Amino acid sequence: MSASAEAQSAHETPRRYQLFIDGKFVDSRSGKTFESISPHDQSVVAVVAEGDKADIEAAVAAARGAFEGPWASMPPGERAKILLRMADLLDARAMALGQLESLDMGGPVLMTSGMVNLAAEVFRYWAGVATKIHGITSAPMRPGEYLGYTLREPVGVVGGITPWNGPMIMAAWKTAPALACGNTVVLKPAEHTPMTAMELARIGAEAGLPEGVLNVVPGFGPTAGAALAQHPGVDKIAFTGEHVTGRLIVQMSVSNLKTVTLELGGKSPHIIFDDVDLETAVANALYGLYTNTGQICSAGTRLLVQESIYDRFVERFVERSQKIAIGDPCDFSTRMGPLVSEEQLRKVQRYVEIGKKEGATLRCGGGQPKDPALAKGFYFEPTVFTEVDNKMQIAQEEIFGPVASVIKFTDEDDAVRIGNDVIYGLAAGVQTKDLKRAHRLVKRLQAGTVWINTWHMIEPNSPFGGYKLSGYGRENGLAMVEHLTKLKQVWVDLNDFTMDFFAM
Amino acid sequence: MVEPQIEPNAACRGLTLRARRLLERVRAAEAADAEPLVLMISGGCCGGTSPVLCRRSNILDGFDVWLGEADGLAVYAHPDHARYLQRDRFLIDVIDDVRSDTFSLEVPHGGRFVLRELPFT
């Protein structure tokens with residue numbers, strides 16, 4: 001393979017990345033760069049070109065040119081072949097790309113390399129969809145007199161703004177479906193974690209994407225991100241991030257009434273009934289909460305535990321939380337790496353202060369680990385608050401860290417009331433052996449995803465998105481085709497006579 | 001510097017000195033007729049609760065909830081979010097690392113606003 005990830009070992013740094021516009025790696029027009037640092041030891045892992053409005057303008061122009069040029073006229077089967085090649089290249093480089101992502105973001109490489117494989121599956125899924133996007137034949141009210149049918153046409157230029165917590169998988173979600181539907185893309189990856197999105201640009205070029213079809217412009221939100229959201233030449237924006245920025249994007253989108261889809265986070269209830277196997281329930285709760293150091297929008301951060309097993313559950317959950325293998329994210333034995341940044345560390349520390357002030361009981365964690373090997377990193381201990389009231393801020397606000405709020409409930413109605421009493425509605429989960437109860441709760445929980453006896457199941461064919469302030473629109477699954485195409489109705493008159501309404 | 005007047009029950013108890021200086025840098029770079037800046041408290045994916053510097057016209061009058069004002073900078077939140085924030089007591093502070101997923105307008109000026117917790121009063 002060429003000058004891509006595998007050519008450089010994990011700790012050979014810093015790497016240099018340019019913007020990728022119109023099929024070429026280029027410096028930003030301003031000449032500015034920014035550094036990406038390792039949350040493990042604050043070393044500089046990459047120096048990255050910093051795009052702003054002028055670079056976004058160039059990227060949108062390139063994307064428009066490609067949309068009106070080679071990409072639109074390419075048969076869907078050819079587009080599918082390119083997407084399949086991208087999937088194969090992602091799989092072939094999964095280990096190296098996982099290492100890059102672990103350096104940049106801090107997630108353990110066991111997870112980040114797996115996420116690259118999942119990104120490959122996203123491309124493979126959408127390669128299959130590319131040849132199956134079509135309209136329908138309308139059912140005429142007067143059969144034989146006319147023919148009606150619909151066409152599904154690509155929306156045009158799609159902008160994607162991704163967060164730092166899953167750089168490659170988010171880039172895949174924002175890119176593969178848009179390309180499969182015949183659109184071209186301008187992607188602005190998160191400032192903390194730009195490296196793997198730039199590697200995706202390289203993979204696209206190697207796989208044969210025509211120039212301008214995929215453009216990647218790292219940069220900052222108020223400059224590059226806002227320029228993309230406001231741009232009248234962008235037909236659709238997909239954003240994952242916090243809810244005020246989501247709202248700003250909606251306000252900016254009125255420039256050309258572009259379509260917007262938003263995924264804005266959650267505070268998901270993980271409801272654990274007393275008929276569960278305790279060890280399984282604890283393992284699911286740990287996985288739902290601490291994966292990626294709690295930095296997943298759909299994390300099960302509110303553990304709602306039935307009162308009859310509350311004490312036993314808490315005891316075992318705390319015990320297991322304290323044994324989690326924290327360490328260098330590039331080490332395969334690590335299960336939990338650092339938080340992504342100083343900002344994130346400060347926010348998590350603030351919530352621990354709030355939790356104490358509000359009167360919750362801090363059962364473990366609450367600070368940075370004592371291990372001197374981790375002293376330079378943004379590490380934080382698995383933290384468990386018990387006796388949490390759902391009205392507390394630690395139960396209401398997304399902390400985005402390894403912090404559990406364990407809340408007691410009495411019965412099914414109580415669990416639903418507490419579970420839904422939050423501004424978000426991204427995910428929810430139920431652990432019980434009672435199938436009828438589980439499905440009753442599925443209907444009553446206000447969330448875009450409900451997991452039964454599992455957590456974090458996310459696949460390319462299954463829609464993911466939120467209710468309430470978690471946003472609107474879905475990622476993954478055929479529902480996305482609705483967001484990424486426009487519908488055209490075609491009418492054909494089959495009558496042999498002239499319908500002359502103004503004949504008199 | 002004159003101490004700002006803080007409403008006794010406001011959740012936002014003001015800006016730290018570093019936050020004031022960052023705000024001054026943003027204002028100094030503004031056009032004379034620029035629309036007033038405000039802070040909106042955000043939350044959710046990847047940020048947790050954090051301030052977003054935006055324009056007065058981004059606020060929905062009669063809907064968003066006022067949480068305090070300092071140095072001429074009004075602070076607002078979505079009403080469902082404000083239910084909890086109103087009980088909180090915080091200062092607006094700054095960190096140097098500007099890498100953040102936000103559209104907050106201070107980012108190009110060399111700092112990122114964050115909340116700093118104060119004891120309940």
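What follows is a short set of exercises on this structure, each with a worked solution.

Keep in mind that the model is predicted, with local features needing pLDDT of at least 70, side-chain atom pairs counting only at pLDDT 80 or more, and totals for chains, interfaces and linings using all residues. Residues are numbered from 1 along each chain as its sequence is written, while chains are lettered from A and ligands numbered from 1 in the order in which they are written.

**Exercise 1. Work out how chain A is built overall and what its radius of gyration says about compactness.**

Solution.
- Start with the secondary structure: chain A has 16 helices and 21 strands. Helices (H or I, at least four residues) and strands (E, at least two) are DSSP runs, numbered from the N terminus.
- Next, take the radius of gyration, which is 24 Å for chain A; the globule rule gives 23 Å for 504 residues, so the chain is as compact as a globular protein of that length. The radius is taken over C-alpha atoms, and the rule is 2.2 Å times the number of residues to the power 0.38.
- Then look at the extents: the C-alpha trace spans about 85 × 55 × 35 Å along its principal axes.
- Now burial: 58% of the 504 residues of chain A count as buried. The cut-offs are 20 or more other C-beta atoms within 10 Å for buried, 12 or fewer for exposed, and partly exposed in between, with C-beta atoms placed from the backbone.
- Finish with contacts: among those in chain A between residues at least 6 apart in sequence, 72% join residues at least 24 apart. Two residues are in contact if their C-beta atoms, placed from the backbone, lie within 7 Å.

**Exercise 2. Describe how α8(A) and α9(A) cross, and which residues make the contact.**

Solution.
- Get the geometry: the axes of α8 (residues 221-230) and α9 (residues 243-252) of chain A come within 8 Å and cross at roughly 45 degrees. Axes are lines fitted to C-alpha atoms, for helices over the stretch in contact, and angles run from 0 to 180 degrees between N-to-C directions.
- Classify it: α8(A) and α9(A) are therefore oblique to each other. Under 35 degrees would be roughly parallel, over 145 roughly antiparallel, 65 to 115 roughly perpendicular, and the rest is oblique.
- Add the hand: the crossing of α8(A) and α9(A) is right-handed, that is, the near helix is turned clockwise from the far one by less than a right angle, with anticlockwise for left-handed.
- List the residues: G221(A), A226(A), A229(A) and Q230(A) of α8(A) meet T245(A), I249(A) and M252(A) of α9(A).
- Sort them by class: this contact has four nonpolar, three polar and no charged residues. Ala, Val, Leu, Ile, Met, Phe, Trp, Tyr, Cys and Pro count as nonpolar, Asp, Glu, Lys and Arg as charged, and the others, Gly among them, as polar.

**Exercise 3. Which elements cover the buried residues of α9(A)?**

Solution.
- Count first: eight of the 10 residues of α9(A) are buried, so call the helix mostly covered.
- Name them: H243(A), V244(A), T245(A), G246(A), R247(A), L248(A), I249(A) and M252(A).
- Find the cover: from chain A it includes α8, β10 (236-240) and β11 (259-263), and from chain B β2 (37-42) and β3 (50-55).

**Exercise 4. Which helix of chain A gives the most to the side that touches chain B?**

Solution.
- Set the scale: 42 residues of chain A are in contact with 34 residues of chain B.
- Pick out the helices: α8, α9, α12 (342-358) and α13 (393-396) of chain A each supply at least two residues of that side.
- Rank them: α12(A) gives the most, with eight residues.
- Check the chemistry: the side of chain A divides into 16 nonpolar, 14 polar and 12 charged residues.

**Exercise 5. Describe the packing of α10(A) on α11(A) by angle, hand and residue class.**

Solution.
- Angle: the axes of α10 (residues 278-290) and α11 (residues 310-322) of chain A come within 10 Å and cross at roughly 50 degrees, which makes α10(A) oblique to α11(A).
- Hand: α10(A) passes α11(A) in a right-handed crossing.
- Residues: the α10(A) side includes L278(A) and A281(A), and the α11(A) side includes R312(A) and F313(A).
- Class: the contact has seven nonpolar, one polar and three charged residues.

**Exercise 6. Is T280(A) buried or exposed?**

Solution.
- Place it: T280(A) lies in helix α10 of chain A.
- Count neighbours: T280(A) has 11 C-beta neighbours inside 10 Å, so it counts as exposed.
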